[in-house]
Amino acid sequence: MRFSRSVLAAVGAVALAAGATTALASPASAAPNTTPQKVCGSAYKTVNSAPVGSLGTVYLTYNSANGKNCVVTIRSTPGTATDMAAWIYVPDTDVYDQDYGKYTSYAGPTYVYGKGHCVDWGGQIRNVYVQITGSNCASLKEQRVTTVR
């Protein structure tokens, strides 16, 4: 799948297209003290993050041993299952991973090999979408967009 449209638009399209499926997805469950390392793995270190409004945070992590990035979206307050997403995309290699569904605590983990590449990543909780493009590219400035729908 090529990301010819804005990744945020693709997130919305996939979420809408998968509506019947996501309603049947089993909720992820986690203790209130869920961390990116508990979801992605202890070898993954947080290298970036972005708030998803006041609902939670989406985290970008990296494992230097295997060169993989992991993205997870974690709610501030776990509760009733709600629409959530975590995604990551490497434009140079056209490789992506995504997780969409109704979850109680977090969406993800999503993994891609990202060593030496810029990454686009983001997440969603309810109707708040966060998109970060051109991230972790040394001196290049990333772009952040938060959209409430």
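Two strands are taken to pair if DSSP finds at least two bridges between them. Helices (H or I, at least four residues) and strands (E, at least two) are themselves DSSP runs, numbered from the N terminus. On that basis, strand E4 (residues 82-90) and strand E5 (residues 95-103) run antiparallel and are joined by nine bridges. The model behind these values is predicted, so local features need pLDDT of at least 70 and side-chain atom pairs count only at pLDDT 80 or more, while totals for chains, interfaces and linings use all residues. Residues are numbered from 1 along each chain as its sequence is written, and side-chain values use heavy atoms, with hydrogens and water left out.

Now for the overall layout. The protein chain holds three helices and nine strands. Read from the N terminus, the elements go α-α-α-β-β-β-β-β-β-β-β-β. Of its 149 residues, 45% count as buried, where buried means under 20% relative accessible area, exposed means over 50%, and partly exposed is anything in between (1.4 Å probe, protein chains only).

Back to E4, a good place to start on the pairing. Eight of the nine residues in this strand are buried, so E4 is largely enclosed by the rest of the structure. On the E5 side, Ala 85 has Tyr 100 as its bridge partner. The two strands make a hairpin with four residues between them, and Asp 94 in that turn shows a positive phi of about 60 degrees. E4 also pairs with strand E7 (residues 119-125), again in the antiparallel sense, this time over six bridges. Here Tyr 89 of E4 is matched with Asp 120 of E7.

From E7 the pairing carries on to strand E8 (residues 128-135). E7 and E8 run antiparallel with six bridges between them, and Ile 125 finds its bridge partner in Val 128 of E8. Two residues separate the strands of this hairpin, in which Arg 126 has a positive phi near 55 degrees. E8 is mostly covered, with six of its eight residues buried. Strand E9 (residues 143-148) comes next: six bridges join it to E8, and the two run antiparallel. One of the pairings puts Val 130 opposite its bridge partner Thr 146 in E9.

Another group of strands forms a sheet too. E1, E2, E3 and E6 make an open sheet of four strands, in the order E1-E2-E3-E6, with antiparallel pairing. Its edges are strand E1 (45-52) and strand E6 (106-113), each of which pairs on one side only. From one strand to the next, the twist averages 15 degrees, an angle taken between axes that are lines fitted to C-alpha atoms (for helices over the stretch in contact), on a scale from 0 to 180 degrees between N-to-C directions. Strand E3 (residues 68-75) and E6 are held in antiparallel register by six bridges, and Asn 69 has Val 112 of E6 as its bridge partner.

E3 also takes part in a covalent link. The structure holds one disulfide, defined as a pair of cysteine sulfur atoms within 2.5 Å. The cysteines are Cys 40 and Cys 70, with their sulfur atoms 2.0 Å apart. Cys 40 sits in helix H3 (residues 36-40) and Cys 70 in strand E3, so this pair links distant parts of the chain, 30 residues apart. The link is left-handed, with -75 degrees about the S-S bond. Both Cys 40 and Cys 70 are buried.

What about charged side chains? Side chains of opposite charge can pair when their charged atoms come close. Searching the whole structure turns up one salt bridge, meaning a side-chain nitrogen of Lys or Arg within 4 Å of a carboxyl oxygen of Asp or Glu. The partners are Asp 83 and Lys 102, at 3.0 Å from N to O. Asp 83 lies in E4 and Lys 102 in E5, so the contact ties together parts that are 19 residues apart in sequence. Asp 83 is partly exposed, at 31% relative accessible area, and Lys 102 is partly exposed as well, at 28%.Arg 149 makes a contact of another kind, lying over the face of Tyr 129 at 5.2 Å from the ring centre. For such a contact, NZ of Lys or CZ of Arg must be within 6 Å of the ring centre and within 35 degrees of the ring normal.
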